[in-house]
Amino acid sequence: MMRRFQKMDSKVYPPFTNALEMIEHCGSIGFGGVQTGVSGWDSDFSKKVRQKAEELDIFVEGQIGLPKTDTDIQRFESEVDTAKSAGVDVFRTACLSGRRYENFDTMVSFRQFREAAIRSLQLAEPIMRKHKVKLAVENHKDWRIEEIIEILGTINSDWVGVTLDTGNNISLLEDPMEVVEALAPYAFSVHLKDMDVAEYEDGFLLSEVNLGDGYLDIERMITTIRKHNPDIRFNLEMITRDPLKIPCLTEKYWATFSEITAPELAGYLLGIKKQKTGTTFPIISNRAIDEQLGMEEENNRICLSYSKIRLGFK
């Protein structure tokens, strides 16, 4: 994430200036595929992506922004069509770029966002159906289980499903295994991650950790997802960053929640208290740039090795 999107100045770990550089790097160290943004591609770049993916024998999934209005449909379809010519058949998207408990101060504003998100998906669906490619909506710290399933039911399309993130909904006070079991039937793609938690004064800390270092039952999650979609592709999302603060004991956090009861919250926090994985949460942001980027690189390599040795990935 840092090397691709944060434009951190480093000669040791130079930033990826485009998707092709990221694909080349990930393929060279042994990853089986890449999920990357498709904005700004032209036909020539698309051909280069396809050639490089075939050369490295890896898959490429796209990341795409939803159309906001009718006037944005042309941009969206152009990006889909160009990326499809590179071999992209699954496009990850998200309805919210931030986090629900940080972005919205009232239930009214959240409901307005929900209606706009549904409208965006309704605009996107005919394009996906026309080009016979899949749109995979991530559970991106925005939708709880019932909400995203309800939205998918509203869209009611074989071409719109889920990018199943195995850890995000912890921030919305949902059990990660229950999230996987509920969303696996709708999953077109996966963001595979392990997570750890710890208490802090306003709620709890949440951090991506190397596979095997957290408390998620990764093997069971993989089995559950593959039961519904045997050919699904798993994308490692090991974000190296400071732990996120989930301020579930503050008034603002609850502005958009009405369905969570006090006993449910108490039980969830008790579960957080009981998690003792032994993992420490390093602070990343106060380190030198090369050290941050080096940690990011090392974490991805560790997870790659673990996935091949312990999880059966090739």
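Welcome to the tour! Start by selecting strands 7, 8 and 10: these 3 strands form an open sheet in the order 7-8-10, and their pairing is antiparallel. Keep in mind as you look around that this is a predicted model.

**Stop 1: the antiparallel sheet**

Colour strand 7 (194-200) and strand 10 (244-246), the edge strands, each of which pairs on one side only. On average, neighbouring strands of this sheet are turned by 30° against each other, with direction ignored. Now add strand 8 (residues 203-209), which pairs with strand 10 in the antiparallel sense over 3 bridges. To find one of these links, click on Leu-205 and look across to strand 10, where its bridge partner is Lys-245.

Next, show helix 10 (residues 262-274), which packs on the sheet and touches strand 7 and strand 8. The direction of helix 10 makes about 105° with that of strand 7.

**Stop 2: strand 5 and its neighbours**

Move on to strand 5 (residues 160-165). Why is strand 5 largely enclosed by the rest of the structure? Because 6 of its 6 residues are buried.

Select strand 4 (residues 134-138) as well: strand 4 and strand 5 pair in the parallel sense over 4 bridges. One pair to pick out is Glu-138 with its bridge partner in strand 5, Thr-163. To see how the chain gets from one strand to the other, trace it from strand 4 through helix 7 (residues 145-155) to strand 5; this β-α-β crossover is right-handed.

Now look for strand 6 (residues 187-192), which runs parallel to strand 5 and is joined to it by 4 bridges. Here you can click on Val-162 and find its bridge partner in strand 6, Ala-187. Add helix 8 (residues 176-183) to the selection, and you have a right-handed β-α-β unit made of strand 5, helix 8 and strand 6.

**Stop 3: Val-137**

Go back to strand 4 and click on Val-137, which lies there. Is Val-137 buried or exposed? Val-137 is buried, with a relative accessible area of 3%. Leaving aside neighbours within four places in sequence, Val-137 is in contact with several residues, including Val-160, Gly-161, Val-162 and Thr-163. Other contacts of Val-137 to display include Thr-93, Cys-95, Leu-121 and Ile-148. Try the distance tool too: the C-alpha atoms of Val-137 and Ala-187 are separated by 8.9 Å, while these residues are 50 residues apart along the chain.

**Stop 4: Ser-171**

Follow the chain into the loop between strand 5 and helix 8, where Ser-171 is found. Ser-171 is buried, and its relative accessible area is 0%. Which residues does Ser-171 touch, not counting those up to four places away in sequence? Show Tyr-101, Lys-141, Phe-204, Leu-206, Ile-246 and Tyr-253 to see these contacts of Ser-171.

**Stop 5: two helices side by side**

For the last stop, select helix 8 together with helix 9 (residues 218-228), whose axes come within 9 Å and cross at roughly 10°. With angles under 35 degrees counted as roughly parallel, helix 8 is therefore roughly parallel to helix 9. The crossing of helix 8 and helix 9 is right-handed. Turn on the side chains to see who makes the contact: Pro-176, Met-177, Val-180 and Glu-181 from helix 8, and Arg-220, Met-221, Thr-224 and Ile-225 from helix 9.

Terms used
Residues numbered from 1 in each chain as written. Predicted model: local features only at pLDDT ≥ 70, side-chain atom pairs only at ≥ 80, totals over all residues. Heavy atoms only, no water. Buried < 20%, exposed > 50% of the residue type's maximum accessible area, 1.4 Å probe, protein only. Pairing = 2+ DSSP bridges. Right-handed = clockwise from strand over helix to strand, strands pointing away. Contact = heavy atoms within 4.5 Å. Axes fitted to C-alpha atoms, helices over the stretch in contact; angles between N-to-C directions. Parallel < 35°, antiparallel > 145°, perpendicular 65-115°, else oblique. Left-handed = near helix turned anticlockwise from the far one by under 90°.
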